[in-house]
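Please follow the chain through its sheets, one of its helices and one of its pockets, with the model open alongside the text.

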Amino acid sequence: MSTKMVQILWGCFVLWNVCISPTQTAYPGIKVRATQRALDYGVQAGMEMIEQMVKERHIPDLKGSEMVEFLKVNYVNYNFSNIKINAFSFPNTSLAFVPRMGIKALTNHGTANISTNWDVKSPLFQDTGGADLFLSGVYFTGILILTRNAFGHPTLMLQDCHAKVSHAHVSFAGELSVLYNSFAEPMEKPILKNLNAMLCPIITGEVEALNSNLSMLDVLTKINNYTLLDYSLTSPPEITEDYIDLNLKGVFYPLENLADPPFSPLPFVLPESNDYMLYIGISEYFFRSASYAHFISGAFNITLSTKEITSHLVRNSQGVGNLLSRIAEIYILSQPLMVRIMATEPPVINLLPGNFTLDIPASIMILTQSENSTVETIVSMDFVASTSVGLVILGQRLICSLSLNRFRLSLPESNRGNIEVLRFENILSSILHFGVLPLANAKLQQGFPLPSSHNISLVNSDIEVLEHFILISTDLKYEKPIKQQPSFSGWEGLNLISGQWRGKSVP
């Protein structure tokens with residue numbers, strides 16, 4: 001089955017990516033809503049994809065036998081091979097939601113121009129050549145039934161398929177075209193009969209092939225060296241007359257531990273609006289699970305050498321930062337030191353209207369290493385870094401960035417009057433502000449993959465921070481590929497979410 005066919009059918013029910021994993025929670029971490037506007041655009045963009053696909057699609061040979069009365073020939077055996085669709089038009093095509101079922105596709109008054117090779121055999125003669133076949137009155141209707149299997153994959157089934165071509169006209173080319181065209185009309189009726197008998201089985205076979213590939217899809221993606229992300233469906237799609245809702249688990253796991261985090265998602269409701277093609281709601285649970293999984297995996301523990309510290313200070317500090325970097329040089333460059341920062345608890349996520357904050361509780365230690373490689377702690381203290389989170393969509397990813405609001409440093413009681421400890425406070429603040437945060441933001445630039453389909457970009461996007469979830473409202477844009485995509489060999493050609501995949505069943 002071709003990659004483009006997968007893309008088209010996938011686009012019909014819009015933007016499931018991957019995914020599987022058991023769930024004991026009642027609510028999803030992510031909701032995706034596709035509106036009627038998305039289906040309408042899918043018709044428009046889909047025509048471009050279908051045009052390229054059908055030109056490359058292999059069509060079975062048409063064979064038959066007819067009597068030619070005016071030649072007094074009892075039979076003429078014919079075979080049309082190498083059938084290619086050169087052009088087509090489906091001017092009246094629509095997609096519509098069918099509540100609690102799926103998506104209905106309807107097209108009528110379609111036309112197609114087809115070229116083919118032919119050969120004929122009879123008791124009197126035999127010959128080969130080329131021909132053009134013009135089809136008109138093309139009609140198709142069917143309902144794609146959308147649900148999920150026990151592993152959280154989307155599943156498809158075609159129901160109520162009706163397909164028909166009303167008229168066919170054959171025009172032979174070649175030296176004897178006048179002769180052959182004289183008995184073309186009797187051949188058109190059996191061609192139509194054979195063609196109409198083939199259409200629904202071909203379409204049904206394509207849907208079954210897609211469903212088979214969906215069922216074999218590995219569904220947990222490796223985000224980085226610490227975590228996996230699960231986008232599995234937690235329930236069958238919810239379909240109304242105006243939209244389809246996909247409930248995705250949307251949870252992070254530590255790389256080697258697929259246990260759910262010790263907290264549950266809260267319910268949230270997407271707004272009743274049809275101004276955009278797509279709405280994506282990402283709950284606080286999604287970000288909390290990311291924080292928890294990275295904490296458990298040790299992703300927030302870093303050790304910086306003297307060279308790394310001064311490099312970031314000089315590159316990122318300005319104004320007061322320059323002064324602090326010079327202070328740091330006095331103490332840090334005078335001897336080989338290391339700074340070790342470790343999160344003491346999972347960073348705390350808070351989503352409130354217009355405000356996305358991340359509080360990072362951690363400890364920081366300045367260490368020195370003697371000539372015999374013994375590591376000694378010079379000073380240690382705890383702190384909470386309160387940051388604001390900025391959000392932007394780049395390509396098909398949600399990018400987060402941190403900006404520091406304030407530090408809250410706390411010293412052990414025994415060290416509060418120690419001048420050697422107190423003089424490091426500004427140095428530590430400088431290191432955190434101008435060294436660690438830029439490192440963190442650099443890591444965050446990889447972003448989180450958003451549900452999307454191959455060659456589909458999110459455009460005119462708007463991001464709102466609401467209570468306990470963020471809302472992405474966006475339109476879609478199909479970008480025609482510059483070069484031919486690789487043949488279908490899984491889901492790589494769809495460019496959904498790259499990475500390592502694992503699976504486990506969902507109740």
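The second largest pocket is a convenient place to begin in this predicted model, and its lining, sorted by class, consists of 30 nonpolar, 8 polar and 1 charged residues. The space within this second largest pocket comes to about 1100 Å³, and among the 39 residues that line it, those closest to its centre are A299, F300, A440, K443 and L444. Several elements contribute at least two residues each to the lining, namely the helices α5 (284-296) and α9 (425-444) together with the strands β15 (337-343), β17 (355-369), β18 (375-394) and β19 (397-410). Of the contributions to this lining, the largest share is that of α9, which provides 7 residues.

The chain around this pocket has 9 helices and 22 strands, and buried residues amount to 49% of its 507 residues. Among the contacts in the chain with a separation of 6 or more, 72% are made by residues 24 or more positions apart.

Turning to the sheets, one of them is open and is built from 6 strands in the order β10-β11-β1-β13-β22-β21, with antiparallel pairing. Its edges are held by β10 (238-239) and β21 (456-466), each of which has a single partner strand, so that one side of each is left without a neighbour in the sheet. Helix α5 packs on this sheet, where it touches β1 (30-35), β13 (278-283) and β22 (469-478), and its direction makes about 50 degrees with that of β13. At the β10 edge, the antiparallel pairing with β11 (residues 243-248) extends over 2 bridges, and I239 stands opposite I244 in β11.

Another open sheet has 3 strands, arranged in the order β8-β9-β12 and again paired in the antiparallel sense. Here β8 (220-222) and β12 (251-254) stand at the edges, and because each has a single partner strand, one side of each is left without a neighbour in the sheet. From one strand to the next the twist averages 30 degrees. Strand β9 (residues 227-230) is joined to β12 by 4 bridges, the two running antiparallel, and within this pairing D230 stands opposite V251 in β12. Helix α5 appears at this sheet as well, lying across β9 and β12 and running at about 5 degrees to β12.

Within α5, what surroundings does F295 have, leaving aside its neighbours within four places in sequence? Residue F295, which lies in helix α5, is then in contact with F300, A343, T344, E345 and P346; of these partners, F300 is also one of the residues closest to the centre of the second largest pocket. The C-alpha atoms of F295 and P347 are separated by 7.9 Å, although the two residues are 52 residues apart along the chain. With a relative accessibility of 22%, F295 counts as partly exposed, because the buried class is reserved for values under 20%.

A hairpin elsewhere in the chain completes the tour. Strands β4 (residues 92-98) and β5 (residues 102-121) pair in the antiparallel sense over 7 bridges, and L95 stands opposite A105 in β5. The hairpin that β4 and β5 form has 3 residues between the strands, and R100, in the turn, has a positive phi of about 65 degrees.

Notes. Residues are numbered from 1 along each chain as its sequence is written. This is a predicted model: local features need pLDDT of at least 70, side-chain atom pairs count only at pLDDT 80 or more; totals for chains, interfaces and linings use all residues. Side-chain values use heavy atoms; hydrogens and water are left out. On a 1 Å grid over the protein atoms alone, a cavity is a set of points where a 1.4 Å probe fits but cannot get out, and a pocket is an open set with protein on both sides within 12 Å along at least five of seven lines; lining residues have an atom within 4 Å of a point. Grid points are joined across faces, edges and corners, and a volume is the space filled by probe spheres set on the points. Ala, Val, Leu, Ile, Met, Phe, Trp, Tyr, Cys and Pro count as nonpolar, Asp, Glu, Lys and Arg as charged, and the others, Gly among them, as polar. Two strands pair if DSSP finds at least two bridges between them. Contact means heavy atoms within 4.5 Å. Axes are lines fitted to C-alpha atoms, for helices over the stretch in contact, and angles run from 0 to 180 degrees between N-to-C directions. Buried means under 20% relative accessible area, exposed over 50%, partly exposed in between (1.4 Å probe, protein chains only).
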